[in-house]
Amino acid sequence: MVRLRKPRAELRALEAERHVDVDPRFAGHELPYGISIGRVSAGDWSSSVPDLLTAEGRYGVRLGEDPAQARAAFEERVAQACAADPWLRENPVVVTWPGVSSLREPCARAPAHR
């Protein structure tokens, strides 16, 4: 049985680190650069043991952050979580960035712009 506590804890820690010194324009927003998993699918049949799990979600990019560096930080944290788990060390998570990605350079409006 795979226990996902370590990877989940690592992603929560990464999310917390990304929310240190948040841009003041996000005052009052709890997680402007949040990490969320919105879709999970596994298995081909309801009575079979899945051999693959796919999780898709959102990874918030900080204002002024290079999207390539944001991706690298996420991938590194996932790799660290896999390295710390005996089963995942042998069966590491594969991170992909499929489809239309909004991981592009974030922008901000001028303060006077409404």
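Helices and strands here are DSSP runs, numbered from the N terminus. The model is predicted.

**Exercise 1. Place D21 and describe its backbone and exposure.**

Step 1: find the element. D21 sits in the loop between α1 and β1.

Step 2: check the backbone. D21 is not a glycine, yet its phi is positive, at about 60°.

Step 3: check the surface. Exposed means over 50% relative accessible area. D21 has 67%, so D21 is exposed.

**Exercise 2. Lay out the fold of the protein chain.**

Step 1: count the elements. The protein chain has three helices and two strands.

Step 2: put them in order. From the N terminus on, they run α-β-β-α-α.

Step 3: look at burial. The protein chain has 114 residues, and 22% of them count as buried.

Step 4: look at the surface. The accessible surface comes to about 8,800 Å². Carbon and sulfur atoms hold 53% of that area.

Step 5: look at contact range. Take contacts between residues at least 6 apart in sequence. Of these, 52% join residues at least 24 apart.

**Exercise 3. Compare R18 and H19: which elements hold them, and what do they touch?**

Step 1: place both. R18 lies in helix α1, residues 5-18. H19 is in the loop between α1 and β1.

Step 2: apply the burial cut-off. Buried means under 20% relative accessible area. R18 has 6%, so R18 is buried. H19 has 16%, so H19 is buried too.

Step 3: list the contacts of R18, leaving aside neighbours within four places in sequence. They are Y33, Y59, G60, V61, R62, E65 and A70.

Step 4: do this for H19, not counting residues up to four places away. H19 touches E30, L31, P32, Y33, G34 and R62.

Step 5: look for a polar partner. The H19 side chain reaches the backbone nitrogen of Y33 at 2.9 Å.

**Exercise 4. Work out how the aromatic rings around W97 are arranged.**

Step 1: search the whole structure. Four aromatic pairs turn up.

Step 2: take Y59 and W97. Their ring centres are 6.3 Å apart, with 50° between the planes, and the pair is tilted. Y59 lies in strand β2 and W97 in the segment after α3 (86-90), so this pair ties together parts 38 residues apart in sequence.

Step 3: take F74 and W97. Their centres are 5.7 Å apart and their planes are at 65°. Planes over 60 degrees apart count as edge-to-face, so this pair is edge-to-face. F74 lies in helix α2 (residues 67-83) and W97 in the segment after α3, so the pair ties together parts 23 residues apart in sequence.

Step 4: join the pairs. Y59, F74 and W97 form one aromatic cluster.

Step 5: compare exposure. Y59 is buried at 9% relative accessibility. F74 is buried at 13%. W97 is partly exposed at 28%.

Step 6: add the charge. The charged end of R71 sits over the W97 ring, 5.9 Å from its centre.

**Exercise 5. Identify the largest nonpolar core and the element that gives it the largest share.**

Step 1: recall the background. In soluble globular proteins, nonpolar side chains tend to be buried together.

Step 2: list the members. The largest nonpolar core has nine residues: L14, I35, Y59, V61, A70, F74, V78, C82 and L88.

Step 3: assign the share. The largest share, four residues, comes from α2.

Step 4: follow one member, F74. Not counting residues up to four places away in sequence, F74 touches L11, L14, I35, Y59, V95 and W97.

**Exercise 6. Are W45 and G64 buried or exposed?**

Step 1: place W45. W45 lies in the loop between β1 (35-42) and β2 (53-59).

Step 2: read its accessibility. At 62%, W45 counts as exposed.

Step 3: find a side-chain partner. The side chains of W45 and S47 make a polar contact at 3.0 Å.

Step 4: place G64. G64 lies in the loop between β2 and α2.

Step 5: read its accessibility. At 63%, G64 counts as exposed.

Step 6: relate G64 to D23. The two are 41 residues apart in sequence. Their C-alpha atoms are 9.9 Å apart in space.

Definitions and conventions:
Residues are numbered from 1 along each chain as its sequence is written. This is a predicted model: local features need pLDDT of at least 70, side-chain atom pairs count only at pLDDT 80 or more; totals for chains, interfaces and linings use all residues. Side-chain values use heavy atoms; hydrogens and water are left out. Buried means under 20% relative accessible area, exposed over 50%, partly exposed in between (1.4 Å probe, protein chains only). Contact means heavy atoms within 4.5 Å. Accessible areas come from the Shrake-Rupley method with a 1.4 Å probe; for residues, only the protein chains shown count as cover. A polar contact is a pair of N or O atoms within 3.5 Å; within protein, one must be able to donate a hydrogen and the other to accept it, and residues adjacent in sequence count only if both atoms are side-chain atoms. Rings of Phe, Tyr and Trp (its six-membered ring) pair if their centres lie within 6.5 Å; planes under 30 degrees apart count as stacked, over 60 as edge-to-face and the rest as tilted. A charge sits over a ring if NZ of Lys or CZ of Arg is within 6 Å of the ring centre and within 35 degrees of the ring normal. A nonpolar core is a set of buried Ala, Val, Leu, Ile, Met, Phe, Trp, Tyr and Cys residues joined through side-chain atoms within 4.5 Å.
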